[in-house]
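Grab a pencil and open the viewer next to the sequence. Below are a few exercises, each with a solution worked step by step.

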Amino acid sequence: MNIFDSLFHRSSLYEKLGITTGDSVSLYKDAWRRFLKNKFSCLWLGIIVVLTIVAVFAPFIAPYDPYAQNVADKFLSPDFSHPLGTDNFGRDILSRIIYGSRISLSVGVVAEAIAVTIGVIIGISAGYFGGRIDTVLSRIIEVFASFPFILFAIAVMFIIGPGILNVFIAIGVIGWTGHARIIRSQVLQLHSLEYVEAAKAAGASDFRIILKHMLPNCLSTIIIIATLDIPGDIMLEATLSFLGLGVAPPTASWGEMISSARMFLRQQPMFSIFPGIAIMITVLAFNMVGDAMRDALDPKLRNR
């Protein structure tokens, strides 16, 4: 039995026992307590919170305008006035990294929200209704999943053009297949349970059954896969921007900064190293938190 099967069985048990409120230990309260016991994971969660605060309040935190050019001050080494130095246009690297966090975090959240929405709708529809609907939707999932992820993203961005909104769309519409497959398998198991059959016998509509019984029991799985997919979305945005297909210059983006810096590695190596470190820390933080959430929501580990 894999983690998703375990999550399903435990979630179903809480549903049938009615353990949702009061002093009883619910799935999510128990998971949150388990998560907080892992101090290392709390540290990484704190880093994500700090990154979010930096992104939201970037205009107040950044010491300089990230787009203000001063060619006379280009390639300055890190000092008191410019802690991370300046780029080939004399722009403050620290300020651009701070503003670049907005792009990376927004892509991770918005693009993943689009992917989750599409995946959940298609996965639930395929698993719940079955028959021809399941056959057609499963073939669509297989077609989309057959394309190499990065090549598909490059093709989509080449067609619709660069820009932050297009990045949201491109990553969202190609990242839903894994979600749909997992949710479909969950719903197929839920569909045959007694309380679902009882709801049907009581005359509950398909929409009510999906909303009240299917979706809540898939929520743990959705949280896990969404959290673990966010780092991949951030890396994909950086890759697209590095290739010139993501966020268009002069918008501050970590991938675009690395792309611009490759021409000047000998003159100012820190120009590319600092945004690379920012990407590494952000991706690592989300991966660590995602792993911790997976462990916290896995009932097989609750006694460890």
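**Exercise 1. Find the buried residues of helix α10 and say how they sit around its axis.**

Step 1: α10 covers residues 194–201, and its buried residues are Y195, V196 and A199. Buried here means under 20% relative accessible area, exposed means over 50%, and partly exposed is in between (1.4 Å probe, protein chains only). Helices (H or I, at least four residues) and strands (E, at least two) are DSSP runs, numbered from the N terminus.

Step 2: Look down the axis of α10: the buried residues fall within an arc of 105°, so they line one face of the helix. The arc is that of the directions from the helix axis to the C-beta atoms.

Step 3: Now flip to the face turned away from the buried side, where you'll find the exposed residues E194 and A201. Just after α10, G203 has a positive phi of about 90°.

Before going on, some ground rules. This is a predicted model, where local features need pLDDT of at least 70 and side-chain atom pairs count only at pLDDT 80 or more, while totals for chains, interfaces and linings use all residues. Residues are numbered from 1 along each chain as its sequence is written, and side-chain values use heavy atoms, with hydrogens and water left out.

**Exercise 2. Work out what the protein is built from, and how much of it is buried.**

Step 1: Count the elements: there are 13 helices and zero strands.

Step 2: For burial, 46% of the 304 residues count as buried.

Step 3: For contacts (heavy atoms within 4.5 Å), take those with a separation of 6 or more: residues 24 or more positions apart account for 71% of them.

**Exercise 3. Check the length of helix α9 against what its residue count predicts.**

Step 1: α9 has 14 residues, 177–190. The expected span is 1.5 Å times one less than the number of residues.

Step 2: That rule gives 20 Å, and the end C-alpha atoms are 20 Å apart, so the two agree.

Step 3: While you're there, mark the buried residues of α9: T177, H179, A180, I183, Q186, V187 and L190.

**Exercise 4. Describe how α3 packs on α5, then how α7 meets α11.**

Step 1: α3 (residues 39–56) and α5 (residues 93–129) pack at about 110°, with axes 8 Å apart. Axes are lines fitted to C-alpha atoms, for helices over the stretch in contact, and angles run from 0 to 180 degrees between N-to-C directions.

Step 2: That angle makes α3 roughly perpendicular to α5. The classes go like this: under 35 degrees is roughly parallel, over 145 roughly antiparallel, 65 to 115 roughly perpendicular, and the rest oblique.

Step 3: The α3/α5 crossing is left-handed, meaning that the near helix is turned anticlockwise from the far one by less than a right angle; clockwise would be right-handed. On the α3 side the contact uses L51, T52, V54, A55 and V56, and on the α5 side I98, S101, R102 and L105.

Step 4: Turn to α7 (residues 149–160) and α11 (residues 206–242), whose axes come within 11 Å and cross at roughly 55°. These two are therefore oblique to each other, and their crossing is right-handed. F149, I150, A153, I154 and M157 of α7 meet L236, T239 and L240 of α11.

**Exercise 5. Place S104 and A126, and list what each one touches.**

Step 1: S104 is in α5 and is buried, at 2% relative accessible area. Leaving aside neighbours within four places in sequence, S104 contacts I234, E237 and W254.

Step 2: A126 also lies in α5 and is buried, at 0%. Not counting residues up to four places away in sequence, A126 touches D134, L137 and R184.

Step 3: A126 and R181 are 55 residues apart in sequence, but their C-alpha atoms are 9.2 Å apart in space.

**Exercise 6. Which phi value does F75 have, and where is this residue?**

Step 1: Most residues other than glycine have a negative phi.

Step 2: F75 has a positive phi near 55° and isn't a glycine. F75 sits in the loop between α4 (58–61) and α5, and is buried at 18%.

Step 3: In that loop between α4 and α5 you'll also find Y64, which is partly exposed at 33%. Y64 touches S81, H82, D92 and S95, not counting residues up to four places away in sequence.
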